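Work through the exercises below with the sequence and the model at hand. Try each task before reading its solution.

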Amino acid sequence: MSSLQNLIDNWSQYRKGIEQGGFHHYEHRWGMAIDLNACIGCNACSTACYAENNLAVVGPERFAQGHFMHWLRVERYWDQPDKEFPEQGASFLPMMCQQCGAAPCEPVCPVVATYHTPDGLNAQVYNRCIGSRYCNNNCPYRVRYFNFWSYYETSWPEPLNMQLNPDLTVRDKGVMEKCTFCVQRIRTAKDKAKMENRKVKDGEFTTACAQACPTNAIHFGDLMDPESQVTKLWATHQVSRVDEQGRPRHEQDKKNPDLRGYRVLEELNTDPSVMYLERVRETLA
Amino acid sequence: MKKSHRLLGLFSNFEEATKAIYDIRANKVSGVSVKDVTLISPIEHPEVEEALGDRGVHVQFFTLFGGLFGLIGSWVWISAAQATFLVQPQGGKPVVTLVTNFVLNYEMMILGGVLFTLIGLLVGARLPSRPGTLYSEKISLDQIGILLEVNEPNLAPLKSLFHQHNVVEIREEIIR
Amino acid sequence: MKDLLRRWLLTFLCVGGFLIGTSAAASEAPTIKYPVPPPGDYNGDVVEQPIEFPHDIHTKVNKINCLYCHTYGRRSKVAGIPPTSKCMGCHRVIATDKPRIQKLTEYWEKRQSIPWKKVHDVPDFVHFTHERHLKKFIFDNEDLVQNLSVDTVAPVCAACHGDLREMTVARKVKPMTMGWCVACHEANGGPGDCWKCHK
Amino acid sequence: MSGNELNRRGFLKLMGWSAAGAGLAGCDLPSTVTLEQGKETVLSYLSPEEYVIPGIGVWYASTCMQCAAFCGIHGRVREGHALKLEGNPDSPLNRGKLCQMGQAGIQGHYNPDRITQPLLRKDGKLTPIGWDEAWSLIGQKISNAPGERFAWVTGTVSGHQAVLLAAHTEAMGSKNHFAVEVIGPHVGRAVNQDMLGEAMPRLVLDKAKLILSLGADFLGTWVSPTHFATEYAKFRSGSRGMLVQVEPKMTLTGGNADMWVPIRPGTEGVLALAIANVLMKGGAKVPEAAIAAVSAYEPAKAAEVTGVSAERIEKIAALLKEHSPSLVLAGAPVEGHAHGYQAAAAVQLLNIMLGNVGQTIVSAGGFPFPQLAAKSGSTRDLIAFADAAKNQKLDVAFFYGANPVYSAPHFLALPEALQKIPFKVAFAQFPDETAEAADLVIPLASYLEDWGTHVAAYQPEEAGITVQQPLMERMYNDTIGFGDALLKLLKLGKSEQYAAWEDYYAYLRNAVATLPAEYKAGAANDNAFWDQTLQKGVLKVAAAAQELKPQVPEIKLPDVQPNEGYPLYLVPSTQLGLWDGRHANLPWLQEAPDQISKVVWDSWAEIHPATAAKLGIKEDDIIEIASEQGSIKVKAYLFKGVHQDVVAVPMGQGHEAYGRYAKNRGVNVLKILDPVIDAKTRELALYGTRVKLANTGKNEPLVIEGRGNNSQRGRKLVVTISADQFRKTEGA
Amino acid sequence: MKDIAIHSQEKDIREDLPWKQINTDILRSLDNPRRGYWYSIIVCLVLLAIGFTAEVIQYQTGMGMSKNHPHMWNLYIATFIFWIGMSHSGTLLSAILHIVHADWRKPIYRFAEAMTTFSLMTALLFPVIHLGRLWNFYWVVPYIPSRGTWPNFRSPLSWDGFAIMTYLTSSALFLYIGMLPDLAIARDNTTGWRKQLYSTLSLGWCGNDRQWRVFRKAYMLMAIFLIPLAVSVHSIVSSDFAMSINPGWHVTTFPPYFVAGALYSGCAAIITLFILLRYYFRWEEYMTLPILEKICKLTFAIAMMWTYLNLVEFASVWYGHDVYGKEVLWGKMTGAYAPAFWSMMFFGSVLPFALAFRSLRRHIPTMMAVSILLNVGMWLERWMIVSPTLSQSFYPWSWDVMWPTLTSWAIVLGSFGWFGLLFLVFVKIFPSVSMYEVKEMVYHRKLATEKAAARVGGAAPAYGAHMKKEDAV
């Protein structure tokens, strides 16, 4: 009965879609800016992610089957198919969960194992997941990884398991997992801030990948905090999540089109939280 | 007031049986009205049932109620559940998504309708019950039966009536 | 008719008495606000510990504050077992003749850690932080902080651990299931976000 | 000290709560989700430091030993477990960053294949023995071995370990210390020494407007990758310098180049001279010694030698001319030939001509503690050691931090040579090939369990000593730190002055305590200074300022002879990951795709599609690469990023031992190297091998990540814009 | 339709069929079928065993036994749609034909409905088998939760749950209610445990006029409900795909397309089972060639409809602006899956023309083969819906072609065993031809013929002449 009351009371609020600002009043909106001009594709971020997030090592056979678990993969594209040699080098793209504001993965999970947190993250609750794998089917970036096997024994033979990070679980077979923006670090930082009755400061903590990146290509921060480095970067490159009416953008209209900021597959209206800065190369005759 | 005897006539010829009922209807036998007649037939048999005059059926009301109940009930339930949910799997959608909910409401409407129709059937057809002692396998095979509840005096005339319409077999019992 | 009357009278008396009693009890209870404990109890089995540690003696008799020994609780997610040095701090001199203490001293001299058994063990995919809960229910609770003592603190701990003043070795007396946690969070305005607790 | 010590050890006792890490979300049986009581054990601390709180990670500074760059690291320790490594922000080398090899170091520490107790070879099999037996055995062997017949074979060593090691060698009365290192600018150091007066001058990348790198993979495997990567970021930001990479096989650096130029191996020197030639015509001043060589190579001539078109050469020269200061680097492909020294010199010549010396190449300054300076390993020592062994000059050999048996090519016949050394002791952490060949194996503690000090061979500004401290209690009580081992050896050798220190830790504390006073400014006393040193993890030293005095030797490049029998060049490429093979036992690095080819868990041969088409080779075909020294069978990977005359196979795989992750996986390309040796420096010429290919007809798919697509299929995934536009909008 | 039946050369059913014989013939199926029946049972058991072992292995080792990234869905979901589709024609046809009083449905609708129910029960297995942690499948069911969490009512997968449960309940009830009078007949003609069983199940049906009246209405109402239900169920299943954003799935024509495909495979399946039962129980009298022809014609019509919708879908993708969709379509036609795709087109659109020829329609073996091939085609269609899209969707880096593993094949086979077993057991225990309705059919057609004859000339014979032979009772 009370629930019915609640329904009637907050009706208008519950009927808000993301166009009207959605249901959430974000405390934070964690986001990233990745500079492809700086990225050298060295994999440091990826390995740091393995170390931080208890990612399983699956071995060659399963890797060949596509059972790999790297939450953060560094993609490498060759841009000049016609040339005899790749004369301008490779195009590297670190791709992790984009933590979409309108995530296609969220509404399709039958048991709400994946949902939207007040921090603007796509949460994945491992022990609620029943492994229907609909979320990954619906993820345009294919950045969700499924535990096809039980990797605990094979991936962490004694005493390798002593390295496991106690702040998050080791996922067992049948569970979907993905990049969480190192939610355990976020959690710790927020708890710390709360204990000191303050808000989380920018740069107080960062994700494992951003921390490891030798060229500082990855910037992590709170998009709600106007002072944070990431917010500034988004601003300088005139990339914004929402337009004047507060509707999520599926294309940016920049005053200065030369600026490098863009979001991958933005046109699908997924409202990603990760902005990429375009790769730069000299134009040589 | 309670009748004393129960009488069943088995006919192999549907036409004759129909005629017999029309005779009863025409009060050929005093004190026996067509209302007392129960027709027991192997197949669904409109022609003969005409003879009994129209007897009402009320299943549809069960169905209607069931459908509405399913529709509205499920709408309230689902929306309320969504509203009081711990977290919101939004994907940018509102919390209470009417369109998607309607899909479920639609299914629930049909389910409610079907279930209550079943109940309606059981209630309306007085099932489950017992076939009764007079019941004979022949009915389920190919014979049609006319069952009446009558008093002592009416027995003889009825039997003769049945015999006019060359009844195959007559069974009777005393109601106690 | 008559017995009906009697029954009415009886019920009336009972109800009245109950009301009075409860009101009296209420007036006696301390004015400190405590967390609304979620319903439900659990009959945990007695866990065999290396040393049968008597909580009751320490808290009820000696009035030692819970947070004196479980001191990590206010700074970390785990309340922690006190370091052996802390035990020895007192028991170098106190009650050294008792068998339990001798056992303790043995461990200390062998410089071995005492292999305590975990009694309250939430699943490994749950992130529970004592630090935050203690802050909310003890250190942010003005009138509790005013008179901070084992008797004011223990009820807070009791919400999840039962009243240790009545136990020797700790025993699990609350279900500690997700439903139970959620009920408490709803009653006391805790966060409803899955990722607050699921890691 | 002792009180502090006791607490430290007390804290380091392995603590409980650890099981938390091993928690499985949603195990296959729902029952595991139920709440247990009295199952897990909780060990209480004995008497912890007040900053040690269960459930809260503490970061300790230490030093990364994954390669010879010695970056500073922070290790996260929780409940007595080292959990994660990150860069140490105070380290001038890596500025808080850490490459994937450094990240994976923790897997070496927790590796399931570590050696946990002393092993002695009894009737051909290594069998566990006790420490006393081990030491007494060593004692007697070295006591009755004449000094000059004793040898140390190590990797790059520095800091106080180097000091003790030198001391021990000396105490043995021996001069044989072979420092073996396959990857490194061995020739380059000599060239720098001769031409600039400093082996490792400091490179100022961010000041350069253009970097012309001839095969120097400074982002991947050259000298100090992480440091140069951080510098590279500065170099690319703001006015954004240009990167031109000339090399036979695309390295990670090549993958980030603005202009990537494939070149026929062994002709880089020619290219350099040709560029110099163009510059000379353009009015640049050429030192006398070089004029002959420079004027000998017109671009046209160079073009046919190098396979780089004359226009290209002129273009590069022009770019160098207009972007000043620039920086020209010579990497392994330049050095790795019989004329490696000459070629490297030719490249260095460019720097001198362009006036980069003093601008982008500056003196690193004299390191105040020469005895601590790095003794960089080289392949020369590998060859020397092999010869010494072959000629039965050695009775006792100690191995540490190097794996010569794996690294030595067939032509050195090292395994047979080792048979001729009566007593071989391996101070090893893993059962690698060398340990397998040893008679006695001393189990070492991992670098996360050990004390030490290190001095990188390449020193950025604010040169420093990086301090290594244990992040946790030893995993296995029967392992020993290398420093402790050295002390023990010295004591066995009856070197009295070392008796004072009960262990290496004590020795180090004393060493730090005895530092000159100016280092201890701001520290109340020695203990305080010690603590703050440990906290910072680096000890800044004041390097004496110096000047680079360029001088040019006579440069003479041979012509390349075509080789009909073996038409192709073999490029034993290196990879930021498995390095020279020492990291092949770290699963993370095995599973991390190669940056360029994206292959995992395997060896592969990169061949240009045109060449492959000529030889009728398709992707995944298993091909046989044969040199005069032998052959390897490896899967083909068609790749445009190699010169047509080149087949490139990465080092690192093909171990015959070295634990479950490394063993019998891929091939060891080093084995089939030709006996080509740099004339001047006696370094092994890694790139001088000629091979021929044959298709075995078999094929087996390589495990490649993202095999699906190498092109973006018109999606807007990685967008490239011109640098001019970049400078317009963001240029400083 | 009735008129057609009369004027056509041969009749759907012999009109002078004695009712007693009807009873005996049909009830014979309860005790002595041909030996072929038992062989089929054995085959099904074997298949089931294989599938079950595979499932056990998969349960213990994990989903890796069957799928890989990015192919999160594969054989299981395809087969799931296949079975759902199979379930359609049964109830839907029976209901529609009942409403339009097409009485040639009467001899065949019972087993068709049984087919519906059992293929649904088979379909239900697949989403569960497909789950990574199938021991938690009940979290999708909206039970009152102790954890304060509900399933996600927004996910098409949970819609599936609702829809399928509704459909299963309704069609099972429809089947059961329609069977009541026959259960009574069975009760009257059997002994021993069967008598017990039937008398409980028949709820003491005695066929008095009240029962018949209510029965007629209730049955009609259910039929009316079932038609939209069946349509909605498969639309919902299609929305598993249509509601996603993937190219090649996110198509508005999917619901009708799915429904057509469903009817199609269902009809084909009916033909197969028709022929089988006809053989098992020697029911040439009841499952006559004319009826077979009618089903075939229907199937042909539906096949053409399906083909049309197929072309519409391709066209809409082709002329649309969705480049990704085009990629997928092109990939289907030319890529690794091309053989499967084209054989699907052949079986689905070309083969049905065999149904257009009378001679073929009346040739039992051919029809058997054709009907099975049609279903193969339909199965391929489902696979071609699921796999190609996953193999090349938005993100090129994760493009990958994947062939199912033995395990998943085994489980798919097992499902056929499971279905077959259920069905065979059913036809052995329950009268799978509706006796009372066949009687009605015979009776009414007789009357009609006589009326017609009378119209042509000659005195109308007395009613009930059709039972002179049996009057000796």
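**Exercise 1.** Decide whether Asp123(D) is buried or exposed, and describe its backbone.

Solution. Step 1: Asp123(D) has a relative accessible area of 79% and is therefore exposed; buried means under 20%, exposed over 50% and partly exposed in between, with a 1.4 Å probe and protein chains only. Step 2: its place is the loop between strand 6 (119–122) and strand 7 (125–128) of chain D. Helices (H or I, at least four residues) and strands (E, at least two) are DSSP runs, numbered from the N terminus. Step 3: phi of Asp123(D) is positive, about 30 degrees, although the residue is not a glycine.

The model is predicted: local features need pLDDT of at least 70, side-chain atom pairs count only at pLDDT 80 or more, and totals for chains, interfaces and linings use all residues. Residues are numbered from 1 along each chain as its sequence is written, chains are lettered from A and ligands numbered from 1 in the order in which they are written, and side-chain values use heavy atoms, with hydrogens and water left out.

**Exercise 2.** Find the phi of Asn269(A), then locate two cis peptide bonds, one ending at Pro159(A) and one at Pro325(D).

Solution. Step 1: Asn269(A), which is not a glycine, has a positive phi near 65 degrees. The residue sits in the loop between strand 10 (261–262) and strand 11 (274–277) of chain A and is partly exposed, at a relative accessible area of 31%. Step 2: the bond from Glu158(A) to Pro159(A) is cis, with omega near -5 degrees. Pro159(A) belongs to the loop between helix 7 and strand 7 (170–171) of chain A. Step 3: Ser324(D) and Pro325(D) are also joined by a cis peptide bond, with omega about 0 degrees. The loop holding Pro325(D) runs between helix 12 (310–322) and strand 14 (326–330) of chain D. For background, most residues other than glycine have a negative phi, and most peptide bonds are trans.

**Exercise 3.** Which two chains share the most contacts, and how much area is buried between chain A and chain D?

Solution. Step 1: nine pairs of chains are in contact, and chains A and D share the most contacts; contact means heavy atoms within 4.5 Å. Step 2: 88 residues of chain A touch 98 residues of chain D. Step 3: about 7800 Å² is buried between them, 57% of it from carbon and sulfur atoms. Buried area is the accessible area (1.4 Å probe) that two parts lose on being put together, summed over both. Step 4: on the side of chain A, Phe85(A), Met162(A) and Glu282(A) lose the most area to chain D, together 9% of what that side buries.

**Exercise 4.** Identify a salt bridge and a strand pairing between chain A and chain D.

Solution. Step 1: eight salt bridges are counted between the two chains, each a side-chain nitrogen of Lys or Arg within 4 Å of a carboxyl oxygen of Asp or Glu. Step 2: Asp258(A) and Lys728(D) form a salt bridge through their side chains, at 3.0 Å from N to O. Step 3: strand 12 of chain A and strand 28 (residues 720–722) of chain D run parallel and are joined by three bridges; two strands pair if DSSP finds at least two bridges between them. Step 4: Arg281(A) has Ser722(D) as its bridge partner in strand 28 of chain D.
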